[in-house]
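Subject: Structure handover, salt bridges

Hello,

Here is the structure for you to load. My notes on its salt bridges come after it.

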Amino acid sequence: MKRDYLIIKETIKKEITFGHFKVNQQLPTENELIEHFKVSRYAVRKALTELQNEHLIYKIQGSGMFIQDWDKKWQVNPRSKTIGLICTHIANYIFPQIISQIDAVIDPKGYSLLIANTHNYPQKERSNLIKLLDLQVAGLIVEPSESAKPCQNADIYQRIAKSKIPILFINAKYPEFDFPAITNADRLAEKELITYLLHQGHRKILGIFQIDDLQGTERMKGFIQAYQDNNINLANSNLIMYSSHDAFTVISNKIDVYLHSNQRPTAIACYHDELAILVIDKLKKQHIRIPQDISVVGFDNYEAATYLTPSLTTMNYQRTTVGQEAGKGILALINGQKFASIEHHPQLKLRNSVASLTK
């Protein structure tokens with residue numbers, strides 16, 4: 001087929017960039033590639049030529065093809081006026097405002113944003129990092145993907161650190177690296193939120209947390225700590241843990257187990273407001289009144305939380321401030337200045353989605 005060479009090229013390129021080959025390691029021969037991919041010699045040669053043109057491999061006459069030191073061009077580029085921004089979910093409810101605020105800060109200084117999306121997959125984070133570094137952007141703002149797990153792209157971040165390329169984390173950070181970060185005190189904030197529910201007389205609280213990101217694991221720890229610090233039996237509570245890649249139907253089915261039990265929760269604490277909105281809709285469809293039957297709380301203070309019926313009690317995530325700080329922070333790093341990490345302390349926003357059981 002005419003495009004066989006693209007399959008070969010992209011397969012080898014992925015193996016190179018994901019570290020399956022070492023620098024100066026020899027590639028399989030043409031005959032071996034022909035046999036492996038079941039393609040023509042023309043397709044193999046075209047694929048190798050394009051890889052060579054992209055400086056991923058080099059040829060030694062009479063010996064074959066070898067892996068190029070393909071990341072050697074990742075250096076600080078003071079002439080660049082482009083800043084790379086890697087988000088987990090560009091279209092999600094909090095990121096458009098963050099992006100807008102970053103742009104508002106860097107645009108007057110002559111910089112523009114190049115935005116990439118990972119959908120919280122480390123593999124996509126890797127490919128986006130490579131693309132942006134190949135373009136020699138002036139700096140990087142990164143929201144880590146699956147930050148609760150060991151960093152799968154440590155080799156790239158080590159190269160970034162070695163090359164002193166300006167980089168800033170937002171919302172989470174990989175503990176393996178000491179790059180500056182703008183984060184929230186998620187554990188303390190969730191502890192405050194659950195403590196409020198406990199003070200309203202709730203004991204059977206169902207917590208629903210995304211556990212492949214640090215934000216989720218920290219909020220879950222805050223949930224547990226609230227029970228412990230208030231000397232209330234944690235056995236009265238329940239937890240649902242889910243992955244960012246799970247559909248809501250997966251979470252919904254788990255919620256049903258508790259809704260149909262003889263220990264139905266009196267309150268549900270959601271990982272974020274987006275989930276809380278879906279949970280509220282689910283409960284309403286089952287003719288469960290909020291907050292009379294079950295109270296619901298979220299996290300982030302999404303704009304729509306105010307207009308829900310009932311309006312949502314939540315923790316305020318300062319996305320406007322975070323965006324502005326990220327813009328100022330990356331500019332400072334680009335200009336050779338220091339930028340210290342910032343940890344925000346979200347404030348409780350009391351609305352109408354919580355009923356008191358102490359009256």
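Below are the charged pairs, with their places in the chain and their exposure.

This is a predicted model: local features need pLDDT of at least 70, side-chain atom pairs count only at pLDDT 80 or more, and totals for chains, interfaces and linings use all residues. Residues are numbered from 1 along each chain as its sequence is written, and side-chain values use heavy atoms, with hydrogens and water left out.

The search covered the whole structure and found 16 salt bridges (a side-chain nitrogen of Lys or Arg within 4 Å of a carboxyl oxygen of Asp or Glu).

Arg187 pairs with Glu218; their closest N and O atoms are 3.1 Å apart. This pair links distant parts of the chain, 31 residues apart: Arg187 sits in helix H7 (residues 186-199) and Glu218 in helix H8 (residues 214-229). Helices are DSSP runs of H or I, at least four residues, numbered from the N terminus. Arg187 is partly exposed at 31% relative accessible area. Glu218 is partly exposed too, at 22%. (Buried is under 20% relative accessible area, exposed over 50%, partly exposed in between; 1.4 Å probe, protein chains only.)

Asp256 bridges to Lys282, closest N and O atoms 2.7 Å apart. That pair also links distant parts of the chain, helix H9 (residues 248-259) and helix H10 (residues 273-285), 26 residues apart. Both Asp256 and Lys282 are buried.

Asp281 and Lys285 form a salt bridge at 3.1 Å, N to O. They lie 4 residues apart in helix H10, about one helical turn. Asp281 is partly exposed at 39%; Lys285 is exposed at 62%.

Finally, shared partners join Lys9, Lys46 and Glu50 into one salt-bridge network.

Best wishes

Definitions and conventions: Helix = DSSP H or I, 4+ residues; strand = E, 2+ residues; numbered from the N terminus.
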